[in-house]
Amino acid sequence: MLQASEILNARILIVDDQKANVMLLEQMLISRGYANITSTMDPLTVCDKHAEHRYDLILLDLQMPEMDGFEVMESLKKIDTDSYLPVLVITAQPGHKLKALQAGAKDFVSKPFDLVEVQTRIHNMLEVRLLYRKLENYNKVLEQTVMERTAELRASEARFKSFTELSSDWYWEQDPQGNFTSISGPVFEMLGIDADDMLGESPKALAGWNAAERAQLNSNIASRRPFLDFVYSRTNVDGSIQYLQVSGEPMFDTGGRFTGYRGIGMDVTHRMRTASK
């Protein structure tokens, strides 16, 4: 919500080639407590003034020499590219009202002035304009916050990846069906497996595993239990035994639905062979 002081401190520009009209509007605004009022009787200066001050409301007379109000609005559109013209037109011609709205004005008042009507329309226009700007600023802040949080998340993911690479040989993720969706690290070279054959395949599809150990690991995964430093073995084509150690945890989305597993792994063949001697 807006504070009354925000509306009363809004930037207002009065544009009319008749000094009496300018003075009447100025006095009316001052009497209502508006504190930031500028006026001009030269329509040719309006765009430069608005480019510099970005008025919250422009009270614009339509019938002026050299440059009428419609031409002023066309020029203002080049400045306010968001298509919102903070213009309240002043006209003595009933037929100009619809044309002014079609040209981009947001409201109008008729000459001779009904001061109560003018005050009401000015207040309402300023309230809408300032709320619009608040929303625009909020969206910019929100967008900036999202960008900052995204950058933080990417940095966190990079740190996590770096940590997993230092503490393990590879990082892996599986979907709810047990198919690999992401693998990073030299696991392909360690297992002698083609990378294209690995992604999208369930670990059950890879041959050579110790059946009992695989069954225990698969039981953990099927029960959606986390596991830590689980060691299982694989018999290579040359008859040698390769030992792998994996840790994993189930993943769930914000609705609590199971989305798969992620974890780390490492080749512990040397350690296991040394321990068995």
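User: Which helix is V146 found in?
Analyst: V146 sits in helix α6, residues 115-167. Bear in mind that this is a predicted model.

User: Why is V146 called partly exposed?
Analyst: Its relative accessibility comes to 46%. Partly exposed covers the range between 20% and 50%, so V146 counts as partly exposed.

User: What makes the nonpolar surface patch with V146 in it?
Analyst: L135, Y138, L142 and V146 make it, at about 400 Å². Patch residues need over 30% relative accessible area, and V146 has 46%.

User: And S233, why does that one count as buried?
Analyst: Buried means under 20%; S233 has 8% relative accessibility, so it counts as buried. S233 belongs to strand β8, residues 227-235. Setting aside neighbours within four places in sequence, its contacts include W209, E213 and Y243.

User: What makes β8 an edge strand?
Analyst: The open sheet runs β7-β6-β10-β9-β8, with antiparallel pairing. β8 pairs on one side only, and so does β7 (180-184). From one strand to the next, the twist averages 25 degrees.

User: How do you know that β9 and β10 pair?
Analyst: Two strands pair if there are at least two bridges between them. Strand β9 (residues 241-252) and strand β10 (residues 258-267) have 9, in the antiparallel sense. M251 stands opposite G260 in β10.

User: Which helices go with the sheet strands?
Analyst: Helix α9 (residues 211-222) packs on the sheet, touching β6 (170-174), β8, β9 and β10, with its direction at about 145 degrees to that of β8. Helix α10 (residues 269-276) lies across β8, β9 and β10, at about 125 degrees to β9.

How values were computed. Residues numbered from 1 in each chain as written. Predicted model: local features only at pLDDT ≥ 70, side-chain atom pairs only at ≥ 80, totals over all residues. Heavy atoms only, no water. Helix = DSSP H or I, 4+ residues; strand = E, 2+ residues; numbered from the N terminus. Buried < 20%, exposed > 50% of the residue type's maximum accessible area, 1.4 Å probe, protein only. Contact = heavy atoms within 4.5 Å. Patch = residues over 30% accessible without salt bridge, like charges linked within 9 Å, V, L, I, M, F, W, Y side chains within 5 Å. Areas by Shrake-Rupley, 256 points an atom, 1.4 Å probe, with all protein chains shown as cover. Salt bridge = Lys/Arg side-chain N within 4 Å of Asp/Glu carboxyl O. Axes fitted to C-alpha atoms, helices over the stretch in contact; angles between N-to-C directions.
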